[in-house]
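Colleague: I am new to this structure and would like to learn how its features are read. Could you take me through it step by step?

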Amino acid sequence: MNRVMNLPPQAPDIRSAFRQKWFWLWALLPVGAYYVSWLLMMMPFPLFLVAGQWVALESFHKKQKPMTLWLLNLVTLLVTGLLIVVMVDKMWTNQYDDYLLFVLFGTYYLFQCFNEWVFFKLFPSWRFGYWSGANLIAAAVWIGVLVGGKLILPFAIKQEYVLWFIIPVLGIISNSITALGIHLATQTRYGL
């Protein structure tokens, strides 16, 4: 029956991602870049983010092409980084609309979906769809938690808690989701 339907003999393995060094580098280095950027007044965040992702991908054993292609990600992050810098002043005032969250996180993760072509060049066994799907899920997590938290919690949370705790925790969760997208997209059709 399995040969007739041309299905893989096993489903893609998600748990093996958590045992790999690159997965944790991908999930944690951008959060470290976030903290360092705030200490340096937030301007170099897009550069630090690309550097952290570069280090994570360099340690991924399935990468077979040169990492110079990852510099295309810098253009994406600079565009969204400028958007972040422009919008962050409006977001942290008490008078902002929820649409700014949709624009900010939606734009970032939508632009990240275009990096699927860069990954296709970096990894010979790349399968389309997992990276884009993971980015859309990560955007939904960010928007859902921030907008939902604003609606559920009637009191104001101090900005320090949001900047130094809530955003990094959401970053680790969303980076783990996108790392799982990379992990699943680089598995061959018939398992690992």
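**Reading the contacts and cores**

Modeller: Let us start with one pair: the side chain of Ser-174 makes a polar contact of 3.0 Å with the side chain of Trp-142. A polar contact is a pair of N or O atoms within 3.5 Å, where within protein one must be able to donate a hydrogen and the other to accept it, and residues adjacent in sequence count only if both atoms are side-chain atoms. This is a predicted model, in which local features need pLDDT of at least 70 and side-chain atom pairs count only at pLDDT 80 or more, while totals for chains, interfaces and linings use all residues. Residues are numbered from 1 along each chain as its sequence is written, and side-chain values use heavy atoms, with hydrogens and water left out.

Colleague: Which other side chain is joined to that of Ser-174 by a polar contact, and is Ser-174 buried or exposed?

Modeller: The side chain of Tyr-109 is joined to that of Ser-174 by a polar contact of 3.2 Å. Buried means under 20% relative accessible area, exposed means over 50%, and partly exposed lies in between (1.4 Å probe, protein chains only). Ser-174 counts as buried because its relative accessible area is 1%.

Colleague: Which element holds Ser-174, and what does Ser-174 touch beyond its neighbours within four places in sequence?

Modeller: Helices (H or I, at least four residues) and strands (E, at least two) are DSSP runs, numbered from the N terminus, and Ser-174 lies in helix 8. Contact means heavy atoms within 4.5 Å; with those neighbours left aside, Ser-174 is in contact with Tyr-109, Ala-138 and Trp-142. The C-alpha atoms of Ser-174 and Ala-138 are 4.8 Å from each other, although these residues are 36 apart along the chain.

Colleague: Where is Thr-178 found, and with which side chain does the side chain of Thr-178 make a polar contact?

Modeller: Thr-178 is also found in helix 8, and its side chain makes a polar contact of 3.0 Å with the side chain of Trp-26. Thr-178 counts as buried because its relative accessibility is 3%. Not counting residues up to four places away in sequence, Thr-178 touches Trp-26, Tyr-109, Trp-131, Ala-134, Asn-135 and Ala-138.

Colleague: How should I read a nonpolar core, and which residues of the largest one touch the most other members?

Modeller: A nonpolar core is a set of buried Ala, Val, Leu, Ile, Met, Phe, Trp, Tyr and Cys residues joined through side-chain atoms within 4.5 Å. The largest has 20 residues, and those touching the most other members are Tyr-34, Phe-45, Phe-105, Tyr-109, Trp-142, Leu-146 and Ile-167. Two or more residues each come from helix 2 (21-39), helix 3 (45-58), helix 5 (99-113), helix 7 (130-152) and helix 8 (159-185), and helix 7 gives the largest share, 7 residues. A second, separate core has 18 residues, among them Trp-22, Trp-26, Ala-56 and Leu-180.

Colleague: How many helices and strands does the protein have, and what share of its residues is buried?

Modeller: The protein has 8 helices and 0 strands, and 43% of its 192 residues are buried. Among contacts between residues at least 6 apart in sequence, 74% join residues at least 24 apart.
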